[in-house]
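Work through the following exercises with the sequence and the model side by side, and try each task before reading its solution.

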Amino acid sequence: MVRIDVERVREDTAGCERVAHLNNAGAALPPRPVVDAVVEHLRLEEEIGGYEAAAARAERIEHTYDALARLVGAAREDIAVMENATRAWDLAFYSLPWSAGDRILTARAEYASNAIAFLQTARRHGVQVDVVPDDEHGQLDVDALRRMVDDRVKLIAVTHVPTQGGLVNPAAEIGKVAREAGVVYLLDACQSVGQMPVDVREIGCDLLTAPGRKFLRGPRGTGFLYCSPRVRAQLEPPFLDLHAAEWTSGDSYRVREDARRFESWETFFAGKIGLGVAVDYALDLGLDAIEDRVTLLADALRHRLSALPGVRLHDRGVRQCGIVAFTVDGHDSHRVAEELRGQRINVSVSVAGSARWDFDARGLESVVRASVHYYNTDGEIDRLCAALLRP
Ligand SMILES: *Cc1c(COP(=O)(O)O)cnc(C)c1O
């Protein structure tokens with residue numbers, strides 16, 4: 001097994017000297033090569049001009065598509081680089097030709113922005129949204145999903161790893177059901193990409209979205225969409241510009257063939273380069289090695305937290321990842337996070353409004369979310385647990 005050289009990756013990460021960063025599900029600390037690449041491009045824009053800098057760095061910009069394609073097991077034509085994961089998801093979702101009576105099958109742990117888009121589409125087009133129940137472990141019940149599929153189902157859209165805890169939904173089993181039924185499958189992989197291997201061929205999804213800033217450790221304001229050639233021709237984006245389509249004559253246009261039909265012309269070039277560097281960094285370490293270390297640290301954190309008085313763990317699922325959700329009896333989650341921040345320990349809070357179907361069903365208002373990455377250490381976990389022990 002290839003191991004991660006923790007000392008080296010911490011040396012690459014300036015933030016490690018200042019904070020115990022356990023908010024990787026919010027935004028991970030970027031490694032130095034990523035920051036350097038972004039800054040260098042901004043400097044070049046300053047020195048020679050924005051268009052000229054893009055031309056001078058065309059190869060590096062194009063490399064980002066190759067890196068992302070390699071990361072998820074796709075072809076470069078299947079990748080669109082976007083300003084965030086939500087817009088990537090939206091552009092895919094709102095491209096589907098909805099009609100009254102269509103059904104969307106989704107999961108209970110679904111992310112708020114996706115659920116809001118389902119509800120808007122239900123209102124606008126008379127589409128029906130059905131939430132597949134969880135199984136006894138709290139992951140999407142694949143047998144129930146199979147039973148719920150019928151001719152009216154136009155989309156299966158689920159979140160791989162929800163924002164609010166350690167659950168890993170059985171993405172590949174869901175993919176089998178989608179393939180058997182010939183239904184389009186959209187996977188929100190915002191919290192899984194970068195912390196574990198995610199391969200669109202193994203999963204069998206048609207569409208997949210993720211941001212740069214979370215477990216990939218890329219720049220903020222970046223994200224991407226994978227769109228398989230299988231579904232691409234059916235998906236005409238709701239917005240088209242002169243990059244997504246070509247104005248071929250006075251009264252006609254042609255949408256481009258590749259996934260860049262979802263992009264717009266103007267973009268954050270420095271960020272796009274930085275995203276590619278972040279993906280290279282992850283691929284160099286190896287996603288298997290990353291997952292091994294993240295799982296090791298998260299398991300240790302859960303074990304330690306479970307021994308603390310008044311601390312309750314809320315992670316569900318057969319397989320659990322680097323996100324650890326907990327509450328402290330008698331203490332408001334926001335206050336807990338604030339107190340920790342004062343001690344240079346970064347965690348975040350997930351609130352009911354970010355995943356209402358899940359929080360409401362479990363009677364939870366909010367949870368503290370500690371999310372580990374491979375550059376975290378046992379010492380940082382000790383610091384978190386010691387801080388929680390103090391009244
Ligand atoms: C963070 C997150 C998103 C949104 O990603 P952005 O890049 O902020 O748009 C979507 N889904 C899940 C599960 C997330 O955790």
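UniProt positions are given here in the numbering used for this chain, with feature names shortened, and such annotations may be inferred rather than shown by experiment. The model itself is predicted.

**Exercise 1.** Determine which residues the UniProt feature "domain: Aminotransferase class V" covers, and how far apart the ends of that span lie.

*Solution.* Begin with the record: the unreviewed UniProt entry places this feature at residues 22-384. Next, take the C-alpha atoms at the two ends of residues 22-384, which are 9 Å apart. Finally, consider the secondary structure of the span, of which 41% is helix and 18% is strand.

**Exercise 2.** Work out how the domain assignment divides the protein chain, and what distance separates the domain centres.

*Solution.* The assignment gives domain 1 as 6-29 + 286-389, whereas domain 2 takes residues 34-284. With the centres taken over C-alpha atoms, domain 1 and domain 2 are separated by 26 Å. To their contact, domain 1 contributes 43 residues and domain 2 contributes 37 residues.

**Exercise 3.** Describe the area that domain 1 and domain 2 bury between them, and identify the residues of domain 1 that lose the most.

*Solution.* The two domains bury about 3,100 Å² between them, with 56% of this area on carbon and sulfur atoms. On the side of domain 1, the residues losing the most area to domain 2 are Leu287, Arg316 and Trp357, which together account for 24% of what that side buries.

**Exercise 4.** Characterise the polar and charged pairing between the domains, and then the elements that supply the side of domain 1.

*Solution.* First count the pairs: there are two salt bridges between domain 1 and domain 2, and 21 residue pairs are in polar contact. Turning to the elements, helix H1 (6-11), helix H12 (287-306), strand E12 (323-328), helix H14 (356-362) and strand E15 (366-371) each supply at least two residues of the side of domain 1 that touches domain 2. The most comes from H12, which gives six residues. By residue class, that side of domain 1 divides into 20 nonpolar, twelve polar and eleven charged residues. As for individual side chains, Arg316 meets Asp134 in a salt bridge, at 3.5 Å from N to O.

**Exercise 5.** Explain how Arg146 and Asp143 are placed relative to each other in helix H7.

*Solution.* The model has 31 salt bridges by the rule of a nitrogen-to-oxygen distance within 4 Å. Arg146 forms one with Asp143, the closest N and O atoms being 3.5 Å apart. Because the two residues are three apart in helix H7 (residues 142-148), Arg146 and Asp143 are separated by about one helical turn. Side chains of opposite charge can pair when their charged atoms come close.

Conventions. Residues numbered from 1 in each chain as written. Predicted model: local features only at pLDDT ≥ 70, side-chain atom pairs only at ≥ 80, totals over all residues. Heavy atoms only, no water. Domains from an automatic or database assignment. Contact = heavy atoms within 4.5 Å. Buried area = accessible area lost by both parts, 1.4 Å probe. Polar contact = N/O pair within 3.5 Å; in protein donor to acceptor, adjacent residues only side chain to side chain. Helix = DSSP H or I, 4+ residues; strand = E, 2+ residues; numbered from the N terminus. Nonpolar A, V, L, I, M, F, W, Y, C, P; charged D, E, K, R; others polar.
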